[in-house]
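Okay, thanks for squeezing me in this morning. I'll put the chain up on the screen and then walk through a few parts of it.

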Amino acid sequence: MNVIKKQRSVKLIFDNQYIQERIKKSDKLREEGINPYPQNIQKGISSKEFFEKFENLKELDAEVKEDKTQEVTLTGRIKFIRIMGKAAFAKIEDEDGLVQIYYNRDDLPEGYYNNIVKKLFEVGDIIQASGHPFVTKTGELTLHCNDIKIVSKAITPLPEKFHGLQDQEIKYRQRYLDMIVNPEVKNLFKLRSKIVSIIRRFFEENGFLEVETPMMHPIPGGANARPFITHHNALGVDRYLRIAPELYLKRLVVGGMEAVFEINRNFRNEGMDHTHNPEFTMLEFYWAYHTYEDLMDLTEKLFERLFNELNLPKKLQYGDLEIDFSTPFKRIKWEDAIVEIAGLPREKLRDKEAIIEFLKSHNIEVDKNLSLGKLQEEIFDNFIEKELINPTFLTHYPVDISPLARRNDEDPQITDRFEFFIAGKEIANGFNELNDPIDQLERFKAQVAQKDIDDEAMHMDLDFVRALSYAMPPTAGEGIGIDRLVMMLTNQHSIRDVILFPAMKPEAKLDIQTKDEKACKKCGNTNENELKPAKKGKGYFCIDVNACKKRAASK
């Protein structure tokens with residue numbers, strides 16, 4: 001016991017008067033012979049099962065609607081307590097939702113209500129309650145308890161009920177607290193998991209094999225992006241966290257796996273905004289003996305499957321927008337979009353000087369050394385992307401911004417490629433894969449030559465070129481951003497809201513204090529006998545205000 005008390009003198013992140021009070025209650029439970037953190041707890045029935053099983057009690061034609069023949073056990077976190085002298089009502093929450101329990105002094109062992117439950121059980125604690133079901137006078141199905149046990153003592157109080165968790169940074173940094181306080185957040189991530197599960201089953205049922213490829217690459221490849229760099233101690237070499245699995249998946253196609261997919265984590269050392277997180281989830285799949293048109297058809301079928309299994313209407317609200325997901329989705333060529341949406345005359349589409357003048361006339365300055373495709377991309381970024389609201393396949397991208405896509409047979413300046421947009425955001429990218437090793441080598445060389453003006457240009461990957469030299473069958477491949485897809489289907493407008501633990505700046509250093517390290521927040525006085533806790537429980541101030549002012553002034 002002395003060891004335990006010595007450990008408790010260290011207030012790691014618990015130097016707060018309210019937390020200290022809860023720690024004292026945890027110690028009091030131990031003194032009463034009750035472990036506040038017991039093991040081997042078997043969960044009772046869920047709240048959902050409780051309501052389904054005993055809903056019929058509400059229909060009884062009796063003054064007292066209850067069933068004493070049924071012994072039921074519920075387990076959950078206390079979210080609300082209303083004490084009424086010798087009795088109390090509480091709401092406990094499990095994974096499925098809230099359920100009400102009722103307990104009183106006379107139904108519990110002598111002294112247990114007054115000395116233990118009433119004094120030491122609090123909102124935030126996880127408890128187990130056993131009893132029989134009944135219906136209150138207000139018509140609420142409730143558990144009448146004859147036994148209540150602590151399962152896990154919460155020593156940090158939950159946010160105040162009526163204000164909840166408002167701080168966005170805390171919501172993202174402490175996702176566990178966000179889910180405790182906001183059940184809808186937990187439900188959103190359950191829906192995300194269901195979406196991923198549907199996608200996995202869809203591809204398996206369509207003959208694709210799920211595979212796993214390396215997350216640490218010797219060469220960053222498969223996309224235009226800046227990588228994260230780490231070091232492999234055993235090999236004595238630097239490695240790059242993968243920016244895409246594409247080049248490894250296509251190696252598998254070379255090896256004879258004709259339909260493969262991977263739901264993977266990618267890492268890109270780039271900026272962060274409402275649609276970009278440095279660590280994100282992608283679906284990538286490759287399909288031998290098929291074309292990019294087949295991929296667009298398959299993508300439409302995937303969306304039909306998602307909407308059917310999720311029971312979603314084909315017209316969904318996304319902020320102020322109403323998006324029509326009825327298939328087939330619109331398809332428009334890259335250059336047609338520039339003409340029809342941006343307003344550039346068709347005869348100037350491949351005239352670099354004309355495009356530069358067009359951009360300049362709209363107060364957009366660009367580097368004159370940019371390639372034709374990059375200049376067209378400036379038009380796309382500024383005029384077109386935001387207009388693609390309903391699901392739209394934009395096809396036939398320029399070669400110089402599509403280093404891994406196959407050239408179009410009729411027009412060698414464009415590729416058999418598409419990107420898929422919803423609500424002005426890119427959701428997917430797909431194309432007929434380049435399988436000519438000589439062409440691929442030249443594309444890599446062109447990318448390397450762009451390194452001086454584009455730090456996201458691709459690296460040379462000679463092993464991938466060597467793999468292609470063994471012959472890859474005609475193949476089409478596509479990547480779909482899972483995070484952005486979930487955003488669209490759940491009406492979320494920040495990628496952080498659909499990632500359980502998004503990237504965050506380092507948290508301000510957590511205080512690690514011992515009892516001797518208490519200090520006044522104003523003057524730094526460490527004499528514990530002269531200090532009092534702050535009113536809101538954070539830190540300490542001097543009892544003698546005038547002496548505090550003098551010490552602060554002298555500093």
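One term before we start: when I say buried, I mean under 20% relative accessible area. By that cut-off phenylalanine 421 is buried, because its relative accessibility is 1%. Keep phenylalanine 421 in mind, since we'll come back to it with its ring partner.

Now, what you're looking at is a predicted model. The pLDDT averages 90 over the chain, and 93% of the residues score at least 70. The exception I want to flag is residues 1-11, where the pLDDT is below 50; that stretch has twelve contacts in the model beyond near neighbours in sequence. Where pLDDT is low, the predicted coordinates shouldn't be read in detail.

On to the barrel. Five strands close up in the order E1-E2-E3-E5-E4, and the pairing is mixed. Neighbouring strands in this sheet are turned by 50° against each other on average, ignoring direction.

Let's follow the chain through the beginning of that. Strand E1, residues 72-84, runs antiparallel to E2, with seven bridges joining them. Isoleucine 83 has alanine 88 in E2 as its bridge partner. Two residues separate E1 and E2 in a hairpin, and glycine 85 in the turn has a positive phi of about 70°. Then there's another hairpin, again through two residues, taking E2 into E3. Strand E2, residues 87-94, and strand E3, residues 97-104, pair antiparallel over eight bridges. In that pairing isoleucine 92 is matched with valine 99 in E3. And how much of E2 is covered? Seven of its eight residues are buried.

Also in the barrel order is E4, and phenylalanine 134 sits in that strand, residues 126-135. At 13% relative accessible area, phenylalanine 134 counts as buried. What does phenylalanine 134 touch, leaving out residues up to four places away in sequence? The list includes Leu57, Lys65, Glu66 and Tyr102, and then a run from Glu140 through Leu141, Thr142 and Leu143 to His144. For a sense of scale, from phenylalanine 134 to methionine 460 is 71 Å, C-alpha to C-alpha, with their positions 326 residues apart in sequence.

There's also an open sheet, with three antiparallel strands in the order E7-E9-E8. Strands E7 (216-217) and E8 (229-232) are at the edges with a single partner strand each, so each has one side without a neighbour in the sheet. E8 pairs antiparallel with E9, residues 237-241, over four bridges, and histidine 231 has aspartate 238 in E9 as its bridge partner.

Okay, aromatics. The count comes to 24 aromatic pairs. Take phenylalanine 202 and phenylalanine 203: the ring centres are 5.3 Å apart and the planes are at 85°, so that's edge-to-face. Phenylalanine 202 is buried at 4% relative accessible area, and phenylalanine 203 is buried at 1%.

Here's where phenylalanine 421 returns. Its ring and that of phenylalanine 380 have centres 5.4 Å apart and planes at 55°, so this pair is tilted. Phenylalanine 380 is in helix H12, residues 372-384, and phenylalanine 421 is in strand E16, residues 417-422, so the pair ties together parts 41 residues apart in sequence. Phenylalanine 380 is buried too, at 4%.

There's a cluster as well: Phe303, Phe307, Phe325, Phe329, Phe393, Phe418 and Phe420 form one aromatic cluster. And we have charges over rings. Arginine 251 puts its charged end over the ring of tyrosine 248, 4.7 Å from the centre. Arginine 417 does that over tyrosine 397, at 4.2 Å.

Two helices to finish. In H10, residues 334-342, we find glutamate 335. Is this glutamate 335 buried or exposed? Its relative accessibility is 17%, so it counts as buried. Beyond neighbours within four places in sequence, glutamate 335 is in contact with Leu349, Arg350 and Gln376.

Then there's H15, residues 482-490, where nine of the nine residues are buried. Among them are Asp483 and Arg484, alongside residues such as Leu485, Val486 and Met487. Right after H15 comes asparagine 491, with a positive phi near 60°.

That's my tour. Shall we take questions?

Definitions and conventions: Residues numbered from 1 in each chain as written. Predicted model: local features only at pLDDT ≥ 70, side-chain atom pairs only at ≥ 80, totals over all residues. Heavy atoms only, no water. pLDDT = per-residue confidence, 0-100. Contact = heavy atoms within 4.5 Å. Phe/Tyr/Trp six-rings, centres within 6.5 Å; stacked < 30°, edge-to-face > 60°. Buried < 20%, exposed > 50% of the residue type's maximum accessible area, 1.4 Å probe, protein only. Lys NZ or Arg CZ within 6 Å of the ring centre and 35° of its normal. Pairing = 2+ DSSP bridges. Axes fitted to C-alpha atoms, helices over the stretch in contact; angles between N-to-C directions.
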